[in-house]
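Here are my notes, as promised. Have the structure open while you read them.

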Amino acid sequence: MTYEQRAAHTKAFQEDRFGMFIHWGLYAIPARTPGAEWFKFHDKTSNEDYQKYFDEFNPVHYNPKEWAALAKRAGMKYAVLTTKHHDGFCLFDSKFTDYTAVNTPAGRDLVREYVDAFRAEGIKVGFYYSVIDWYHDDYPIVDGNHPMREDEEFKARPRNWENYLTYMHNQVRELCTNYGQIDVFWFDYSYGEMTGEKWEATKLVNMIRELQPTAVIDNRLGGNCLSAEPEVYAGDFYSPEQIIPAEGCLDELGRPVPWEACITLNDYWGYVSQDQNYKSAQIVVRMLIECVSKGGNLLINVGPTAKGEFPKGTVKVFEEVAEWMHQNSDSIYGCGKADLPKPEWGRYTQRGNKLYAHIFERGTAAFRFDGLKDKVKKARLLMDGSERVLFEPWYGTKYQSGAFIDLGTADLPDPLATVVELELL
């Protein structure tokens, strides 16, 4: 895929800008640190000891319609669910293992319900799939990245790597063929020698391209997504974790590369009962604005409980984000980086001749937009559509390149982020 082809292939994904990540599985039952979804690794838990969580997994309050409705209110355009995490447990029905939600007390395909619910709300559907698997008998212990890394008897057991590859590819084929159109494939993760063609990654990606030609794929099968000529399996977008790149993402030739920052809402990906360290709605909104201002997406995570509900702290934050997005989403969807320096008071996003000033800090007196004198046709406060008159205060002669408006209040009208839409000439 050429650079131009990748840009066209990811255009809709980049315009959506805001997504929901959902980490859910058996680890929601122990729901503790260290590790959360890495609990099995940190506790060096055998399959036999982990089995008790499989035997009791019964999310009696799981209602993905409520999840999807909240995602829609919060302005999220796509979602990504962990169909299988590193522990090998599958939320979907699979012909290639019994280690699925269908064989727990839940007794059904939980991925099917997720897909149907989110599609019904018009939200695009994504699947996370872990290419490593601590449950499968043929997955090797190649380093210290396995729960049984200190069990010499377990490590000595014979394994057939080709069997595991066949299993993994077969499951990805199931996900490609059993659920209709899939918009995002989010693989996790390559490390050390376990990368690239170790997964037969070219073959895997070509299968996805054939069965789901419109899907975008992340970069975690391996390869260099930022190369001028990336490998087939290098992915359609770059996926920095728990960080927003300082200047966005560029390839070796300095060209923008599609990217998405995946970030937890509190401290852990999977549900941890005592983790109440939620980011505020203001932080989430400003992270989203920062990503868009640098040409990227934000994928914000939630870890549902063992009963299948979003934690109350998550719901509270998302509802507050929803209020802001209801009034200000024009400054997010389809927007990207503006051809202006970062202002001292916040950030710009832009779509066509609409420039959006996201104001985080209140200045004194009139509000100044440097470099925009005689370049703005009109201005309005995006949250209510009210006009803001362009004028030149008596002290404006000291700022010959600036355009000025009066916000009309001593405090910012919206403490999360006040957005002024500037229509450029």
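## Notes on the strands and salt bridges

1. Before anything else, bear in mind that this is a predicted model. Let me begin with a parallel pairing: strand 1 and strand 2 (residues 78–84) run in the parallel sense, with four bridges between them. To find the register, look at Phe21, whose bridge partner in strand 2 is Val80.

2. Strand 1 has another parallel neighbour to look at, strand 7 (residues 297–302), and five bridges hold that pairing. Here Phe18 is a handy marker, as its bridge partner in strand 7 is Leu298.

3. How many of the five residues of strand 1 (residues 18–22) are buried? Five of the five, so the strand is largely enclosed by the rest of the structure. In a regular strand, side chains alternate between the two faces of the sheet. You can follow that here: Phe18, Met20 and Ile22 point one way, Gly19 and Phe21 point the other way, and all are buried.

4. Now move to the antiparallel sheet. Five strands make up this open sheet, in the order 8-9-15-11-12. Its edges are strand 8 (346–351) and strand 12 (386–388), each of which pairs on one side only. On average, neighbouring strands of this sheet are turned by 30° against each other, ignoring direction.

5. Which helix packs on that sheet? It is helix 10 (residues 281–293), which touches strand 8 and strand 9 and whose direction makes about 55° with that of strand 8. Keep this helix in mind for point 7.

6. Within the same sheet, strand 9 (residues 354–359) and strand 15 (residues 418–424) run antiparallel and are joined by six bridges. If you want one pair to check the register, take Ala357, whose bridge partner in strand 15 is Val420.

7. The helix 10 packing comes with a salt bridge: the side chains of Glu290 and Arg347 meet at 3.6 Å, N to O. Glu290 belongs to helix 10 and Arg347 to strand 8, so the pair ties together parts 57 residues apart in sequence. Are these two buried or exposed? Glu290 is buried, and so is Arg347.

8. Asp188 and Arg220 also form a salt bridge through their side chains, at 3.2 Å from N to O. Asp188 sits in strand 4 (residues 184–188), while Arg220 is in the loop between strand 5 (216–217) and strand 6 (260–264), so this pair ties together parts that are 32 residues apart in sequence. Both Asp188 and Arg220 are buried.

9. For the surroundings of that pair, add Glu241: salt bridges that share partners join Asp188, Arg220 and Glu241 into one network.

10. The salt bridge count comes to 24. One of them I would look at with the cut-off in mind: Arg32 pairs with Asp43, and the closest N and O atoms are 4.0 Å apart, where the rule asks for a side-chain nitrogen within 4 Å of a carboxyl oxygen. Arg32 is in the loop between strand 1 and helix 3 (39–42), and Asp43 is in the loop between helix 3 and helix 4 (47–56), 11 residues apart.

11. How accessible are those two partners? Arg32 has a relative accessible area of 35%, which makes it partly exposed. Asp43, at 39% relative accessibility, also counts as partly exposed.

Conventions. Residues are numbered from 1 along each chain as its sequence is written. This is a predicted model: local features need pLDDT of at least 70, side-chain atom pairs count only at pLDDT 80 or more; totals for chains, interfaces and linings use all residues. Side-chain values use heavy atoms; hydrogens and water are left out. Two strands pair if DSSP finds at least two bridges between them. Helices (H or I, at least four residues) and strands (E, at least two) are DSSP runs, numbered from the N terminus. Axes are lines fitted to C-alpha atoms, for helices over the stretch in contact, and angles run from 0 to 180 degrees between N-to-C directions. Contact means heavy atoms within 4.5 Å. Buried means under 20% relative accessible area, exposed over 50%, partly exposed in between (1.4 Å probe, protein chains only).
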